[in-house]
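Reader: Please go through the metal site, the pocket and the core of this model, one question at a time.

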Amino acid sequence: MTDSITTATLQDWITRFGAAVAEKRDWLTELDSAIGDADHGANMTRGMSAVAEKLSGGAPATADELLKSVGMTLVSSVGGASGPLYGTFFLRTGMTAGAVTELDAVGLAAALRAGFEGVVARGKAEAGDKTMFDAMSPAVDALDAAIAGGGDLVEASKAAAVAAANGRDATLPLVARKGRASYLGERSAGHLDPGAASTALLFETLAAAIAES
Ligand code: ADP
Ligand code: MG
């Protein structure tokens, strides 16, 4: 029964997310070349490399210090829409997590929901707009539902990862209503949203970090 996540595991999540976007860089770029400007792989890789460099200077002791540092680094190192959006996600997740060295399941779910709400406040996306919202919203919902149902953090984060991946896949037929892809109108249908694809990696790596903690 895993019922809490430490700052070290949160840092492992960030490291894994950085490795995942680097590994999937070409795929993320390919997705963005179909409905955007072919820079999502480069944006995410640049941002997460800057984060890795920042964190190599020493591990922050608390969840808020760690996550706020990740958020600020993403905002300052990524020019595309995804920088401020992921940056806000991590900043708000960190603010809600607070100056703690460990979060229980309810605390982690509340922090991630605040991060998601930050993305919504910043980007104004709604369900079905074909954005990262469509992977993130079902992920935080699944996390809450699994915890409410008595699941531990391993099960709950796995459920969130599955929900995010399903949300990513469900963007395929959608017509984009936010971001660059919206300029394509109907022609955006038939392609996965790149931001939803990176968000699925975000929750997949969270589940992996928790499972292996
Ligand atoms: P840019 O669109 O500036 O080139 P990226 O290619 O890095 O930036 O990121 C594109 C992704 O950002 C999209 O696939 C989408 O998921 C996400 N996105 C864009 N605008 C919004 C928004 N207003 N709200 C939520 N997500 C958005
Ligand atoms: Mg782009």
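Questions and answers on these three topics follow.

Author: This is a predicted model, in which local features need pLDDT of at least 70, side-chain atom pairs count only at pLDDT 80 or more, and totals for chains, interfaces and linings use all residues. Residues are numbered from 1 along each chain as its sequence is written, ligands are numbered from 1 in the order in which they are written, and side-chain values use heavy atoms, with hydrogens and water left out.

Reader: Which residues coordinate the magnesium ion (ligand 2)?

Author: Donors are N, O and S atoms within 2.8 Å of the metal (3.2 Å for Na, K and Ca); water is not among the atoms, so the site may look incomplete. Along the chain the donors follow the spacing D-x4-D-x1-D. At 2.0 to 2.2 Å, the coordinating OD atoms belong to Asp32, Asp37 and Asp39.

Reader: Is aspartate 32 buried or exposed?

Author: Buried means under 20% relative accessible area, exposed over 50%, and partly exposed in between (1.4 Å probe, protein chains only). Aspartate 39, at 23%, is partly exposed. Aspartate 32 has a relative accessible area of 9%, so it is buried.

Reader: Which element gives the most to the largest nonpolar core?

Author: A nonpolar core is a set of buried Ala, Val, Leu, Ile, Met, Phe, Trp, Tyr and Cys residues joined through side-chain atoms within 4.5 Å. The largest has 57 residues, and Phe90 and Phe203 are among those with the most contacts inside it. With helices taken as DSSP runs (H or I, at least four residues) numbered from the N terminus, the element that gives the most, 9 residues, is H9.

Technical notes. Helix = DSSP H or I, 4+ residues; strand = E, 2+ residues; numbered from the N terminus.
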